[in-house]
Amino acid sequence: MTPGVISTQMTPDPISLPEEFASPLTLARARLGSFAHRVLWYPEVGSTNDIAASLAERHVDEGVVVLADRQTSGRGRLGRSWASPAGAGIYASVVLRPPPAVATLLTIAAGVAVVEGIASATGLLAYVKWPNDVHVDGRKLAGILAEGAPSQVILGIGINVLPAAYPPDVAARATSIEAELGRPVDRGLVLAECLAALAMRYRELHDGGRGVIDAWRQRAAPVQGRRVEWESAGQRQIGLAENIDEDGALVVKVGAQTLRIRSGEVRWL
Ligand code: BTN
């Protein structure tokens, strides 16, 4: 077994990290804090979140990153699949143990960090759509999937970097960094900048998370006055979004009532 590399019965052995990623991560080292001291690279996995979860069960250090070139069973929120063609995206999962008081803000922080990382690596200005989808001009560029207990979260990040042969339903709603910019981009640099931004926003969570909410408000598609639809206890509800609160919940007016939506699917109308 390679020294410094974890092997479990449930996970295949990773191979050494390609230069494409190793070099920008080394250059970003000072900004990464406890993140990405160990990056486990796989040419192909089912889901990086599964590998990271099995490592987390074995008490790996916080900040360990699982990275794959391709996922055969990549998954998104709400039971959807996440198309993960070889070499076309960033498919990464980070093991995190957030402070309990601000765990609800973790995915908000991650959405902000991905927008910031993409902007810093490529100049592309994307925005966050509540809760944490990353969009450009109404098309989805990246998504975040947080799984696990509040005390130990597997934070999965999927970013479309190259235009790829996505399934037709995905292709209609998705875009990629290269498609938007019309030029090649450095996938390793995008990862390194996203992780550096995440490390910074994660530190803010430890300081109470105020900076994360402010940053989200600057980088989010405006929610105020937007009509939004969701389901609650099997009932379809429609309301007018007002803001997000200090816990990252969407504040919605339904008639005279003010509701807070924490998770689940909302459809912007
Ligand atoms: C979404 O917007 O629905 C979330 C998509 C999250 C995709 C990433 S890719 C890396 C990690 N592994 C997975 O199986 N999913 C997440």
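In the predicted model, the largest pocket is lined by 39 residues, and those that lie nearest its centre are Arg80, Trp82, Asp133, Lys140 and Arg173. The volume of this pocket comes to about 850 Å³. Its lining is made up of 15 nonpolar, 14 polar and ten charged residues. Several elements of secondary structure contribute to this lining with at least two residues each, namely helix H3 (48-57), strand E3 (89-96), strand E5 (133-136), strand E6 (139-149), strand E7 (152-160), helix H5 (168-171) and strand E12 (266-268).

The chain that surrounds the pocket has eight helices and twelve strands. Its radius of gyration is 18 Å, close to the 18 Å given by the globule rule for 269 residues, and the chain is therefore as compact as a globular protein of that length. Taken along the principal axes, the box filled by the C-alpha atoms is roughly 65 × 40 × 35 Å. Of the 269 residues, 51% count as buried, while the accessible surface of the chain comes to about 12300 Å², with 52% of this area belonging to carbon and sulfur atoms. Among contacts with a separation of 6 or more, 64% are accounted for by residues 24 or more positions apart.

Helix H3, one of the elements that supply the pocket lining, is mostly covered, with seven of its ten residues buried. These buried residues are Thr48, Asn49, Ile51, Ala52, Ser54, Leu55 and Ala56, and they pack against E1, strand E2 (65-68), E3, E6 and E7. The periodicity of a helix is relevant to such a pattern: an α-helix has 3.6 residues a turn, so residues three or four places apart point the same way. Ile51, which is found in H3, has a relative accessibility of 8% and counts as buried because this value falls under the 20% cut-off. Although Ile51 and Ile154 are 103 residues apart in sequence, their C-alpha atoms are 9.7 Å apart in space.

Arg75 is placed in the loop between E2 and E3, and its relative accessibility of 30% makes it partly exposed, since this class lies between the limits of 20% and 50%. When residues up to four places away in sequence are not counted, Arg75 touches Ser47, Asn49, Asp50, Arg80, Ser81, Trp82, Leu145 and Glu147. Among these partners, Asn49 is also one of the buried residues of H3, and Arg80 and Trp82 are among the residues that lie nearest the centre of the largest pocket. By contrast, Arg75 and Arg210, which are 135 residues apart in sequence, are 30 Å apart from C-alpha to C-alpha.

Val251 provides a further example of a covered residue, here within strand E10 (residues 250-254). With a relative accessibility of 8%, Val251 counts as buried. Outside the residues up to four places away in sequence, Val251 touches Leu240, Ala241, Glu242, Asn243, Ile244, Asp245, Thr258, Leu259 and Arg260. One of these partners, Ala241, is ten residues apart from Val251 in sequence, and the C-alpha atoms of the two residues are 5.9 Å apart in space.

Some features of the backbone were also examined. A cis peptide bond, with omega of about 5 degrees, joins Trp130 and Pro131, and Pro131 is found in the loop between strand E4 (127-129) and E5. A positive phi in a residue other than glycine is found at Ala36, where the angle is near 60 degrees. Ala36 belongs to the loop between helix H2 (29-32) and strand E1 (39-42), and its relative accessible area of 6% is under the 20% limit, so this residue is buried. Asp137, likewise not a glycine, has a positive phi of about 50 degrees and lies in the loop between E5 and E6. Whereas Ala36 is buried, Asp137 is exposed, because its relative accessible area of 70% is over the 50% limit. The two strands that flank the loop of Asp137 both supply at least two residues of the lining of the largest pocket.

Conventions: Residues are numbered from 1 along each chain as its sequence is written. This is a predicted model: local features need pLDDT of at least 70, side-chain atom pairs count only at pLDDT 80 or more; totals for chains, interfaces and linings use all residues. Side-chain values use heavy atoms; hydrogens and water are left out. On a 1 Å grid over the protein atoms alone, a cavity is a set of points where a 1.4 Å probe fits but cannot get out, and a pocket is an open set with protein on both sides within 12 Å along at least five of seven lines; lining residues have an atom within 4 Å of a point. Grid points are joined across faces, edges and corners, and a volume is the space filled by probe spheres set on the points. Helices (H or I, at least four residues) and strands (E, at least two) are DSSP runs, numbered from the N terminus. Ala, Val, Leu, Ile, Met, Phe, Trp, Tyr, Cys and Pro count as nonpolar, Asp, Glu, Lys and Arg as charged, and the others, Gly among them, as polar. The radius of gyration is taken over C-alpha atoms; the globule rule is 2.2 Å times the number of residues to the power 0.38. Buried means under 20% relative accessible area, exposed over 50%, partly exposed in between (1.4 Å probe, protein chains only). Contact means heavy atoms within 4.5 Å. Accessible areas come from the Shrake-Rupley method with a 1.4 Å probe; for residues, only the protein chains shown count as cover.
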